[in-house]
Amino acid sequence: YFSWEVLRFLLSNLRMWIQDYRFDGFRFDGVTSMLYHHHGIGTGFSGDYNEYFGLHVDEDALCYLMLANHMINSLHPECITIAEDVSGMPALCRPVAEGGGGFDYRLAMAIPDKWIQIIKELKDEDWNMGNIVHTLTNRRYEEKYIAYAESHDQALVGDKTLAFRLMDAEMYTNMSVLSPLTSVIDRGIQLHKMIRLITHALGGESYLNFMGNEFGHPEWLDFPRKGNNESYHYARRQFNLTEDHLLRYRFLNTFDRDMNKLEERFGWLASPPAFVSEKHESNKVIAFERASLIFIFNFHPYQSYVDYRVVIWHSSLIVIFKYKILLDSDAAEYGGHQRLDHSTEYFSEEYPHNYRPNSLLV
């Protein structure tokens, strides 16, 4: 139970960090444990409304969160608030005036867990396209989510980043452009780019990255503590790696830069959710449309395709649409194999495919 004195302390604490320390927002940690008397322990949330509305909901805690968000939004509308909630509480990220929780965003925590689970447990040929798409799109309509491919926990001692799980020890020996490109490094670099782009484009209304992850930082982050004799050795990010043109880290960093520049140009994060036209299990292809862009991902471990037909969303072809390649993970500047001709133009046509009247041959 929150007394009025406790509420005043908590709310004034939030205001102090904004006004005195110029914080531009807050991530509320462990919101799920606050929302319910059972703290989410031993509870699997399926999405049924009975799981979110009942006597098991901690109304005092929910009211505090609504008050906190209302106060922050009223006094400092430029600040954002983010809920770390795995339960999917309805309307948590809708305005308080609508009866919602008032948060601006919710962290899409299932996405980094899914990528790690896939990489740890499955062979490349066993990746499930439908399961990937479901995880990336499983969010409440008109509530904004922050998508991210890997979490901060993976950069700390005890776990591994995506890059390290994909390439492991070879990151120390085979990342030089002067050494032959091994199958492990090749696979790791290509998947690292694809995982980030599909997460960015399909997973939410915002994208989060942790420092060093954009270029596949090889080492964990470890702060001085008794367990490492108060060492500062791993308490840093090696940003110099991207500046060394003899190392392949720059390919990953360049791709990350251009991926974000493309989003700034077309604004897919602020666009409505994507229309997914294909999640082909045997071809290992995922295709979707968002912000007038067509995204096509081939996750097959060894099969490339020519003259591959994909759906376009437009219901009638009053106008023929022309498409060109804007971002290609296989381009040379991203450490790819240059298998696509960027001068090619692709035109929409009235050709039924996947239950839609119009398609495109790529």
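**Exercise 1.** Determine in which sense β10 and β11 pair, and over how many bridges.

*Solution.* Helices (H or I, at least four residues) and strands (E, at least two) are DSSP runs numbered from the N terminus, and two strands pair if DSSP finds at least two bridges between them. By this criterion β10 and β11 (residues 346–349) are antiparallel partners, joined over two bridges, and Tyr 323 stands opposite Tyr 346 in β11. Next, place the pair in its sheet, which is open, has four strands with antiparallel pairing and runs in the order β9-β12-β11-β10. Its edge strands, each pairing on one side only, are β9 (309–311) and β10 (322–323).

The model is predicted, so local features need pLDDT of at least 70 and side-chain atom pairs count only at pLDDT 80 or more, while totals for chains, interfaces and linings use all residues. Residues are numbered from 1 along each chain as its sequence is written, and side-chain values use heavy atoms, with hydrogens and water left out.

**Exercise 2.** Find how many disulfides the whole structure holds, and explain why Cys 63 has no bond to Cys 93.

*Solution.* A disulfide is taken as a pair of cysteine sulfur atoms within 2.5 Å, and a search of the whole structure finds zero of them. For Cys 63 the closest cysteine sulfur, that of Cys 93, is 17 Å away, which is too far for a bond. Cys 93 is likewise in no disulfide, its nearest cysteine sulfur being that of Cys 79, 16 Å away. As to accessibility, buried means under 20% relative accessible area, exposed over 50% and partly exposed in between (1.4 Å probe, protein chains only); Cys 63, at 43%, is therefore partly exposed, whereas Cys 93, at 6%, is buried.
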